[in-house]
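The exercises below ask you to read a protein fold from its coordinates and to reason step by step. Please inspect the sequence and the structure before turning to the solutions.

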Amino acid sequence: MHIFFRVWRGLSKLSFLNIVLASLVIILTGTLVGHWVEPETFPSLFDSFWWTMTTLTTVGYGDFFPSSVAGRWLGIFLFLFGIGIIGALIGKLVEVGATFQRLKREGKLMYRGEGHYVYIGWSPKTKKAIDEVLSYEPTADIVLIDQLKEEPYDHDRVHYVQGDASDETVLLQANILHARRVAIFADARIAESLLADGKSLLIASAVEALSQAQGVDLHTVVEVCEERNISKFKHVRIDDFILANDSVSLLMAKATLQPGATSIFRQLLSKQSGGNIQALAPRPEWTTIRAAAEALLGQGVTLMAVNDRLDYATVLDTKLEASDTLYVVCHDDTWERLTKQGGV
């Protein structure tokens, strides 16, 4: 027993690769020697392999068993050494699984997928945004970057990366060069708006520098605390700015002046509250904005804006270009029918 424990301690110190190789050697030895020693008991290599595996895993069905002295010595060898090897292998597999889960929870693993969304900065607003994206696209993958010790959002579609988002290594760990969108949230832990926007600017500059160096065009959205700070981002290519505080103030004013109007904004902003905003490209037969609006309305779709113009009704006869974007509001079943017709 003392020798057995010493062997077990020695096995437990082996690397995972060595344990796997030793396990394969034990299994191969039991299979070949069993068939060679007792061909009557184990008429095929598979029968010998079956007996070896049931012996090593201590299942022991009893449908095959050696009857010769040599065969039983082989069984004793598998009992003493094989079971120890398989036990060590199972232990290592459990250890590897536990280590993987710990590293994932701590944000130490690299994300290798593509076409994902990268969210930088954790706050209740970030959680709300992730919930909304997943309600639209349940199969979307989201990579969250923050400096928290453990992942703040436990979800199968969310991968956490721990670190400073202005560090190129951290951005590469999030595989940001293959991301579909990048969203930078203002740090809610910084009370001073100028400092919060300064941190966002630093992160945006790091993202832009990395993407330019690799020749990648990233669509970047930044939350800013004060509108006057937007001009500070002029040397960085930002596709969209979201004003953190003004949105709430403007909605509050709208609710004060026009009670009930906020429900419309809520329906537009959240799929969980009502209709959905979708974007589509003009079809060839939609030569003007008027033609597009009438065609869409006939299918139960409301044209809301053309590019960034909400007042498109004043220029209905303007010619549509292939590069234009039409923003519409419709239900999911209508949108699905529209996409099946093509041209989206």
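**Exercise 1. A salt bridge between helix and strand**

Is Lys125 buried, partly exposed or exposed, and what is its relative accessible area? Then identify its salt-bridge partner and describe the surroundings of both residues.

*Solution.* The model is a predicted one, and the values used here are computed from it.

Step 1. Lys125 has a relative accessible area of 41%; because the partly exposed class lies between 20% and 50%, Lys125 counts as partly exposed.

Step 2. The partner is Glu223, and the closest N and O atoms of the salt bridge are 2.5 Å apart.

Step 3. The two residues belong to distant parts of the chain, with Lys125 in helix α5 and Glu223 in strand β5, 98 residues apart.

Step 4. Glu223, in contrast to its partner, is buried, since its relative accessible area is 7%, which is under the 20% limit.

**Exercise 2. A salt bridge within one helix**

Locate the salt bridge that Lys127 forms, and explain how its two residues are placed along helix α5.

*Solution.* Step 1. Lys127 pairs with Asp131, the closest N and O atoms being 3.0 Å apart.

Step 2. Because the two residues are four positions apart in helix α5, about one helical turn separates Lys127 from Asp131.

Step 3. Both ends of this pair are partly exposed, Lys127 at 38% relative accessible area and Asp131 at 24%.

Step 4. To place the pair in a wider setting, note that the structure holds 16 salt bridges, and that Asp146, Asp187, Arg189 and Lys199 are linked in a network of such bridges.

**Exercise 3. The parallel sheet and its helices**

Determine the strand order of the six-stranded sheet, find its edges, and describe two helices that lie against its strands.

*Solution.* Step 1. The six strands form an open sheet with parallel pairing, in the order β3-β2-β1-β4-β5-β6.

Step 2. The edges are β3 (158-162) and β6 (240-243), each of which has a single partner strand, so that one side of each is left without a neighbour in the sheet.

Step 3. Neighbouring strands of this sheet are turned against each other by 20° on average, when direction is ignored.

Step 4. At one end of the order, β5 (residues 220-224) pairs with β6 in the parallel sense over four bridges, and Val222 has Phe241 of β6 as its bridge partner.

Step 5. Helix α7 (residues 193-214) packs on the sheet and touches β1, β4 (181-184) and β5, its direction making about 170° with that of β5.

Step 6. Helix α5 (residues 124-136) lies across β1 (117-120), β2 (142-146), β3 and β5, and runs at about 165° to β1.

**Exercise 4. The surroundings of Val328**

Describe the position of Val328, its cover, and its relation to strand β7.

*Solution.* Step 1. Val328 sits in strand β9 and is buried, with a relative accessible area of 0%.

Step 2. Strands β7 and β9 run antiparallel and are joined by five bridges, and within this pairing Gln278 has Val328 as its bridge partner in β9.

Step 3. The C-alpha atoms of Val328 and Gln278 are separated by 5.4 Å, although the two residues are 50 residues apart along the chain.

Step 4. Leaving aside residues up to four places away in sequence, the residues touched by Val328 include Asn276, Leu296, Met304 and Trp335.

Step 5. In a regular strand, the side chains alternate between the two faces of the sheet. Strand β7 (residues 276-280) has a covered face made of Asn276, Gln278 and Leu280, and an uncovered face made of Ile277 and Ala279.

**Exercise 5. Two asparagines with positive phi**

Compare the location and accessibility of Asn175 and Asn307, after stating the phi value of each.

*Solution.* Step 1. Most residues other than glycine have a negative phi. Phi is near 50° for Asn175 and about 55° for Asn307.

Step 2. Asn175 is found in the loop between α6 (168-173) and β4, whereas Asn307 lies in the loop between β8 (302-306) and β9 (326-330).

Step 3. Asn175 is buried at 12% relative accessible area, while Asn307, at 33%, is partly exposed.

Conventions: Residues are numbered from 1 along each chain as its sequence is written. This is a predicted model: local features need pLDDT of at least 70, side-chain atom pairs count only at pLDDT 80 or more; totals for chains, interfaces and linings use all residues. Side-chain values use heavy atoms; hydrogens and water are left out. Two strands pair if DSSP finds at least two bridges between them. Axes are lines fitted to C-alpha atoms, for helices over the stretch in contact, and angles run from 0 to 180 degrees between N-to-C directions. Contact means heavy atoms within 4.5 Å. Buried means under 20% relative accessible area, exposed over 50%, partly exposed in between (1.4 Å probe, protein chains only). A salt bridge is a side-chain nitrogen of Lys or Arg within 4 Å of a carboxyl oxygen of Asp or Glu.
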